Amino acid sequence: MNVLIYDNEEQIGIAAGNYMCGQVLQKPDSVLGLATGSTPLKPYRQMSELYKKGVIDFSKVTTFNLDEYVDLDINDKNSYHSFMNENLFRHINIPPENIHFLNGNASDLQKECDDYEKKIKAAGGIDIQLLGIGSNGHIAFNEPSDCFQRWSHIVELKESTVMDNSRFFNSPNEVPTRAVTMGIGSIMLAKKILIIALGKKKAYAIKQVLNGNVTPMCPASVLQFHTDVTLMLDRDAASMI
């Protein structure tokens, strides 16, 4: 694993945005795996700025988002569809038909998950997957459990994850308790992985990722088995390594 430590979130935002754009410059028809939450906000801003300056063209790019809440309208401000449109897609030129999400309102959620895997495969696989990490070590919505969930699936969110995400809602009671998410196998098939962690709340999870046992109780620990992982950490997140 390539571990890079930065002084602050601004530096990470610039570095991570440049890293993602570097992939597209190298391969204009790249397939990008994208994440949501507060972690990627500044990287997405940097990607948008580089597009506005004419440095980068996303017109041949395809994207797959990691996850989406179940039974939350896609137009709700807290849906991941809305998040991505607000913070990235409306600022750059990825064709709408190249943008893919799991549909948390599908009538058959398992079929939706199975079809999503087929779409990723048909696109040639993900070239670079951007990840955040939960305080409990979850990546995407793959929660600590007794086994690694291999492919896209439906998940019951842990209380800690609901509480972490409640900062985006008016109260914890408004946070959906189910989601659809790419599985660990889906993520591990990405050719490259970029993981960003900010703050002391993430320090123990990062310690487990780098030095702990590989266990589904810390889903991100499986990244030890990937051949091309870059971690961008602030000093607080790196404080236990």
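With which residue does K27 form a salt bridge, and how far apart are the closest N and O atoms? The partner is D127, and the closest N and O atoms are 3.0 Å apart. The model is predicted. It contains an open sheet of seven strands with parallel pairing, 10 salt bridges and zero disulfides.

**Sheet architecture**

- The strand order of the open sheet is β1-β10-β9-β6-β2-β3-β5. Strands β1 (2-6) and β5 (99-100) stand at the edges with a single partner strand each, so one side of each is left without a neighbour in the sheet.
- Strands β2 (residues 31-34) and β3 (residues 62-65) run parallel and are joined by four bridges. Within this pair, L32 stands opposite T63 of β3.
- Strand β7 (residues 153-156) pairs with strand β8 (residues 178-181) in the antiparallel sense, over four bridges. V155 has A179 in β8 as its bridge partner.
- Side chains alternate along β7: H153 and V155 are buried and point to one face, whereas I154 and E156 point to the other and are not buried.

**Helix packing**

- Helix α1 (residues 9-26) lies across β1, β2, β6 (128-131), β9 (192-197) and β10 (229-234), and runs at about 165 degrees to β9.
- G17 is located in helix α1 and counts as buried because its relative accessibility is 0%. Beyond residues up to four places away in sequence, G17 touches I12, P43, Q46 and M47.
- The C-alpha atoms of G17 and E49 are separated by 9.3 Å, with their positions 32 residues apart along the chain.
- In helix α7 (residues 203-211), the residues A203, A205, I206, Q208 and V209 are buried. Strands β9 and β10 are among the elements that cover the buried residues of α7.

**Salt bridges**

- The K27–D127 pair links distant parts of the chain, 100 residues apart: K27 is in the loop between α1 and β2, and D127 is in the loop between α4 and β6. K27 counts as partly exposed at 31% relative accessibility, whereas D127 counts as buried at 4%.
- R235 forms a salt bridge with D7, in which the closest N and O atoms are 2.7 Å apart. These two residues also lie in distant parts of the chain, 228 residues apart, with R235 in the segment after β10 and D7 in the loop between β1 and α1.
- K52 and E49 meet through their side chains in a salt bridge of 3.9 Å, N to O. The two residues are separated by about one helical turn because they are three residues apart in helix α2 (residues 41-52).
- Salt bridges that share partners join E9, E10, K42 and R45 into one network.

**A buried acid without a salt bridge**

- E112, in helix α4 (residues 109-122), is buried yet has no salt bridge. The nearest side chain of opposite charge is K119, at 5.1 Å, and the salt-bridge cut-off is 4 Å.
- The contacts of E112, not counting residues up to four places away in sequence, are F101, L102, N103 and A106.

**Cysteines**

- The sulfur of C113 is 15 Å from the closest cysteine sulfur, in C147, which is too far for a bond. C113 counts as buried, with 0% relative accessibility.
- C218 is in no disulfide, and the nearest cysteine sulfur, that of C147, is 15 Å away. C218 is buried, with a relative accessible area of 7%.

Definitions and conventions: Residues are numbered from 1 along each chain as its sequence is written. This is a predicted model: local features need pLDDT of at least 70, side-chain atom pairs count only at pLDDT 80 or more; totals for chains, interfaces and linings use all residues. Side-chain values use heavy atoms; hydrogens and water are left out. Two strands pair if DSSP finds at least two bridges between them. Contact means heavy atoms within 4.5 Å. Axes are lines fitted to C-alpha atoms, for helices over the stretch in contact, and angles run from 0 to 180 degrees between N-to-C directions. Buried means under 20% relative accessible area, exposed over 50%, partly exposed in between (1.4 Å probe, protein chains only). Lys and Arg count as positive and Asp and Glu as negative; His and the chain ends are not counted. A disulfide is a pair of cysteine sulfur atoms within 2.5 Å.
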